[in-house]
Every structure is written in C-alpha cells, then in structure tokens.
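Me: I am new to reading models of this kind and would like a careful look at a single part. Please set that part in its surroundings as you go.

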Amino acid sequence: MLSRVAERLYWMTRYMERAENTARLINAVTLMTLDMPGEATFGWHALLKVVGMDQSFFEHHPEANEAAVMQFLIQDERNPSSIMTCIAHARENTRTFREVLPWESWEWVNELYLYAKKELPGELDRRQRFEVLQGIIRRRQSIVGLLSGTMSRDGAFQFLRLGRNIERADMTSRILDVSYASTLPAYTPAGAQYDDLLWMNILKALSAYQMYRRYVSVHASSTQVIGFLLHDRRFPRTIAHCLAEVADVCQAMPQANGVLNSVRSTQTILDSADSTQLATSGLHEFIDQIQIGLTSIDAALRERYFSFQEICIPTSCVEGADSAE
Amino acid sequence: MSIACEDYKVGSAFDELIAPDGQPRPLARGLCDYISGLGENELLDRVAAVDAAIMTSGITFTVYTEAGNIDRAWPFDVVPRIIDAREWERVDRGLKQRLRALNLFISDIYNEQRIVKDGVFPLEVLQDSKNFRLQCQGIMPRFGVWAHICGTDLVRHSDGEFYVLEDNLRVPSGVSYMLENRELMKRLFPEVFGRYRIQPVDNYTAQLYDTLAALSPRPGERPVIAVLTPGIFNSAYFEHSYLAQQMGAELVEGADLVVLEDDCVYMKAIDGLQRVDVIYRRIDDDFLDPETFRPDSCLGVPGLMRAWKKGNVGMANAPGSGVADDKVVYAFVPKMIKYYLGEEAILPNVESYLCMYPKERDYVLANLDKLVVKPANESGGYGMLIGPQSSAEEREQFATLIKANPRNYMAQPTLSLSTAPTLCDEGLAPRHLDLRPFVLQSDRLYATAGGLTRVALRKGSLVVNSSQGGGSKDTWIVEGSQ
C-alpha cells in the first residue's frame, strides 16, 4: 500500500473517531446538566479543555456559555476539531482512497457528510442537538460495521485500526485529565446523592457506564473508575485496550520496531500506575506521561510509514525483506 | 408538464425514440408505455430519488470557474436512449476497425512513415502537429498499439446514420459515468429492465484490466497496475478513483512514483518500494515526465519515459498517441483505413474542410456562418465557432485566426444532432445528443455496448460537454423487440 494512502487512512479514522467521540461527549454532558441542582453552573470551560480547544475558542469568543461552546464544538469551521470539520476532512480523505475500501464505504461516508451538512447549521436546541448527534453517531457506527463486515484484514484495515485506537486513547486520557484538573461538571455537590455523580458522568462521556456497572460496580468511585479506564482490557475505550490494539497491529506490520518500542514504553508507564494512589494525587502528571507516549507513537508511525524519505535499492524492497531503517 | 408521448413534439432532427409521425419507434414502445404508466408524480418521485442517489454516491465532476473550482453533481436524465442491437453490431465493427487503423498509423508515423512516402498523408500536417512527439520516434510498443483506450464521439445525422465526429486518443474520460448511469437506472427503474433485453455494460472494467495487464513487462505474474491521476483537483478525479477501485488497481499521484537507476518504476509503499508494471495514465503527455517534456511539471514522474522506452513499464495510452487525436489528422482516417487495412471505412467521417488547403480554406472563409470551425488540438468543446449561432464579430475573429494559422483549423457543416425525449421543466422535450463509445485494444479488441450518451440540456443547444451544461443518459443496446 502507498505511504500516502496509509497516512490518509490513518487520519480519516482519527477524524471520524474524533467526530464521534465529541458527539458522545456532548450528548453525555447535555444529559448531565439535566441532573444538576438548579443553583449549580456547568463548567463549559472544562468541556473545551477536554477537547483541547479552550485556547482557540477564546480567540473567537469572550465567554464560554452553552450556546457558544456548543456551536464551536459542533459546527464551527474555524475549529479544526469541530464535528463538522472532522467529518468534512474524513470525507475529503476518503475521496482519495476509495479504491482500497469496500465499494459502499465512500457512499456511506458521503451520506454522513451530507447529513451533517444538512442538520448541523443553524441553532439547535437541546432536544434537536441530541437527536442530530445521535444520528451522526449511528451513521459513523454503520460505517465501522460496514468496514468490519466487508473489508479484508489488509494493510489498509490495519491503518484504520491504528487511527481509531490512538484517537480513542487520546480522548480517554483527556477526559480523565480534565476530571482531575477542574472536575467535569464544576459544581459543588449538595448532598450524598451526588457523590458518585462526577465519576458516573465521566463514564457516561466515554459511553462506558453500562459496561462498568456490569463488570466493576454499581458505584462509581474514583479509584475504581480510574482503574477501569486505565487498565480494563475488555472495554474498547480504555487506554490499556487501545494500546493493546495498537501493539497487535504493529506486530504484524513490516519493520515496525520503532513504533513497537514507543507502544511498549507507553504500556510500561501504564502498567506502573496505581489507581488508588492516583485517585488522591498525581493523576494530572500521570496523564501527561501517557499523552507524551501517544504523541511518540504517532511520531514513530509518521517517520516509519508516512514520510517516505529513504530510497532503498530495489533488492531490499522485496516484500518481507528485512531492511534496516 | 406532460410526460405523454402524444404531447411530444419531434423537431426536424432525427429522434432516437419517437418517429416523425409522433409514434414511438418499435423498440421504444415498451419504454413509452412504462413512463406513461408511472404517471407524472411517480416519475418525479423517481427523479428526486435519482438526484439523491447521485448526491450520496458523490458522482461529481469539477467545473473550473473564475470563482474557483466547483464540484458539481452529475446531471443525469432518466429517459434512456435505445439503440437496436442489429444496428449496433455494425457500429461495433466500425469502431474496432477505426482504432486498428489509427494504431497502425501511429506506429507508422513514429517509424517508417510509409503513409507519407506513399503520398497518402501530407508531411506538413505532421510537422505542425502539437501532439507529435519527437521523443517517440523509433519506438514500437507491445502489439504495435499506442492508443489502448479510445473514446470515439459519434453523432447521428438527420439521415439516420452515425458519423464519427472525433477520436479521443489522449486521455478520454466519461466511461465511469456510463457505468454509473446504468447502476442508477437499475436501482431506480428496475421494472423496465424486465421488459427489455439490454446488453450489459459493466464488464468494461474487467476488459480494461485485461487490456492493461497484457502490457505488463513481467507476464505470468499478477501485474501491479496503477492509475496515475493529476490529483483531487482534476475534473475527472472521480473517474480516476472509480476505475482504480473497480479494477482493484492502485490510484497514484506523480509524487507516489519514482524511477530508479535500473529504469524501473516503483511506488512508495509502506513496506518499501514496490515495482509498478503498468500505468494507466490520466495525465497529458506534457506533464508526464519533467525530464522529457515540460520541466516545470510537478504532476509527473521524472524518468518515466526512460522506463517506458526500455519496456520496463507498460503505459496506456502510450506517450505520443495524441498525434492522431488531431482534428486535421481526423480527416484522413478513412484513407488510413483503406491504406492499412485495405477496407472501406464502416463508419463515415463528417465531411471536413481543411484550412491548410487554399481551396478548402476559401470555402470555409466564405461560409463561416454555416460551418462549425474547430481548432486542431482542443478538447472539451473549447475554442470552437458554431457558425449559425455566431455573431459577425466572432466570425471576423475566426477569419483572422484561420488566416494566421490555417493548419490549425478545420471546418465541418453544422450537423443536425439527433434528439431524444428528455425530462425538462415543461415535460418531455427533444434535446440534442451525441454518443461516446469506448474502444479498447492491446492483445484484444473490445468496444462498449453503447457508451456514454451526452445530452445538451439547454433547448436547441448542440454543446453536450459536461463543462458547458451537458448531461447524460443511460444508453441501451437492445436485442429484438420486447
């Protein structure tokens, strides 16, 4: 497979995944605000931090209120990570490698784009917002299903897996991070019934609540939630799971040693984490290390597969031949 | 609006579906009944569904405008064009005959030039030909075939005969729309397919694959075939990606390829460089190889010509094929057929006047208001004068152009292009058509069953190019009646 195509596949899924994760996050937050006591104010600023867009938001807006933040995260084309921008990028990327995907893929991606383009502009009230974002999630999921059900497990598929898992690990780490720094719904709980609420909402923002309840506990305590989101191997959005997926892909890829090293050292950092201790202190610093690890994996991928700098002599290019980097 | 055949007003041109007496032609009867049976509302619903499907499939083409490039949905008319298979059988033979002769001509021109020596083809045409490539002299590609993919434009005149309007031998486009049109029709009007025996078109991509695979320098292995595109901003990008997808080939841009010192072509793949056997290039000669042609081209691949000349990579169409894609050379094709094949042309040319000959030039200059004047080397309908629709000023301008460079101009009588019922705001109305079948040659010869029917959507217009307001129709080659 062409290096250029590999890179575009990787970014196409990262954009798709980001759009979906942002949609899930916003929907979770919308439900969360309904649970809040009347006097509480929601930390819209914190939400911007989760997606790493607080700086660029304040370049365009003086104040983080619900309408402005939602517009920025969902529709604003000046926001390179807004749902609309991500979907548009994913579509443009898909146009350039239709030949490596199953036949209907392009049509479904295009349909998602047309849906977003039709539904997203204009002011959405909470109910419409929920519906439209659900529509986006559902369409994105049907694309995932289509690819999973009809695409050969070839090189192209592996780059899709890489993009998806790196983007997911990134989102999970961000949500955990902000929960520590500013507590996602930034309000003071009024009583015991709210004890679990913060951590429950973090699980919900990652669509992890149901599986957590099933396999861990009905109560959402900080230690348990942190432990789950870092280390659980079965839930597909935990950092441990995502890294394991990335490692699995790399093991089957040609000359992936550099990338594998980055993955393994990130896994080592993860394994060293003690969630009981992190629940009281050091979560932010720890998440920083994980983020640095993810960035190094991304850089290793770029160096090894996307930027084609070395011109090797033909004999060393025989498939499977092991050439030094 | 009316969709009833009885309300359809046949014009003076030959109509593909409706006879001059207003009755459907025998093969069109079933279709007309079907459309009337649907009723207006149902038909419009289906049309809306077609438009939605086109949007979803992203069947688009790019229009270059001053305000930037616009990606437009492909305009598709739901009323198909029907051609009798018995009539098509002759056209099919004519198309193949023509491409064989053209390839013999290109081989000859770049080698012995017997046709010039024998006085059948004038040397001066060659000397002024924009697409004659000195770099190709002395080369003989495999099978002696240069133009592997040819789009031949046909028109049906008021006498009911098909004429060849031009041969597109460089990078003819449109075949993906032919294939998509059929898919759309099958999806949205499945019932009508039960009433007819329509020859399928979807074997084209397999035929194209085989045609290209035959050019591989490493026969026996599954060849690595790449479609070379200028990139996403090209107007035919949709088609490049479509064909690559359909053939299971790689879609590459110039920067993805490299020619090494062994004069072989490689793609930059994730597991290193991978040799490319055949390139289906959709880039003009000029941009193909900055070492050989335009040095400022960043679309091509340095060294590609070297690799091709050494026979290390197959290339379709071969560089230099465009020499026969010249509207002056076109006028000589019937003579070529006679000269190389000893046969009479099965498909006639449109009568042509070459401005390089003083007598014919004088005729052209005296009759500018009646003729269509074409520059020798433009495509896409650009730079033409359509006499009957022109202003005195435009004619003046063309007279100056012709006198300045007579070799570069030829003229033809204004043909009456045939029409077919087309769904317009006022209902079914006649619109002018042409037809572009695609012909393939390598170790085999193949012509599409039908081709891409292009339709001038504006009333009275004769310009069918999609860049200038043209649309398209599905084309049915139908066997027997009903």
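The request comes next, followed by one connected answer.
How many of the 14 residues of α5(B) are buried, and which residue of strand β22 of chain B is paired with B:Arg182 in helix α5?

Reply: This is a predicted model, in which local features need a pLDDT of at least 70 and side-chain atom pairs count only at pLDDT 80 or more, while totals for chains, interfaces and linings use all residues. Residues are numbered from 1 along each chain as its sequence is written, chains are lettered from A and ligands numbered from 1 in the order in which they are written, and side-chain values use heavy atoms, with hydrogens and water left out.

Helix α5 of chain B covers residues 175–188; helices (H or I, at least four residues) and strands (E, at least two) are DSSP runs, numbered from the N terminus. With 14 residues at 1.5 Å a residue, α5(B) should span 20 Å, and its end C-alpha atoms do lie 20 Å apart; the expected span is 1.5 Å times one less than the number of residues. Eleven of the 14 residues are buried, so the helix is largely enclosed by the rest of the structure. Here buried means under 20% relative accessible area, exposed means over 50%, and partly exposed lies in between (1.4 Å probe, protein chains only). Among the buried residues are B:Tyr177, B:Met178, B:Leu179, B:Arg182 and B:Leu188.

The residue to dwell on is B:Arg182, which forms a salt bridge with B:Asp474, their closest N and O atoms being 2.9 Å apart. B:Asp474 belongs to strand β22 and B:Arg182 to helix α5, so this pair ties together parts of chain B that are 292 residues apart in sequence. Both B:Asp474 and B:Arg182 are buried. A salt bridge is a side-chain nitrogen of Lys or Arg within 4 Å of a carboxyl oxygen of Asp or Glu.

Strand β22 (470–478) is also one border of a loop in chain B, which runs from β21 (452–456) and holds B:Ser461. B:Ser461 is buried too, with a relative accessible area of 11%, and, leaving aside its neighbours within four places in sequence, it is in contact (heavy atoms within 4.5 Å) with B:His432 and B:Ala456.

For comparison, B:Arg90 and B:Glu161 form another salt bridge, with closest N and O atoms 3.3 Å apart. B:Arg90 lies in helix α2 (residues 85–109) of chain B and B:Glu161 in the loop between β4 (149–156) and β5 (162–168), so parts 71 residues apart in sequence are tied together. B:Arg90, at a relative accessible area of 30%, is partly exposed, and B:Glu161, at 34%, is partly exposed as well. Over all chains, a search of the whole structure finds 57 salt bridges.

The helix also has a place in the contact between the two chains, to which chain B gives 32 residues and chain A gives 29. Chain B and chain A bury about 2800 Å² between them, 55% of it on carbon and sulfur atoms; buried area is the accessible area (1.4 Å probe) that two parts lose on being put together, summed over both. Four salt bridges are counted between chain B and chain A, and A:Arg4 forms a salt bridge with B:Asp256, with closest N and O atoms 2.5 Å apart. Several elements of chain B, including α5, α1 (29–57) and α8 (237–247), each supply at least two residues of the side that touches chain A. The largest share of that side, seven residues, comes from α8(B).

Chain A has a helix α5 of its own, covering residues 83–95, whose 13 residues reach 18 Å from the first C-alpha to the last, close to the 18 Å expected at 1.5 Å a residue. This α5(A) is mostly covered, with ten of its 13 residues buried, among them A:Ile83, A:Met84 and A:Arg95.

A word on confidence closes the picture. The mean pLDDT of chain A is 85, and 87% of its residues reach 70 or more; pLDDT is the predictor's confidence in each residue, from 0 to 100. Over residues 181–188 of chain A, however, the pLDDT stays under 50, and the model has 25 contacts beyond four places in sequence for them. Where pLDDT is low, the predicted coordinates should not be read in detail.
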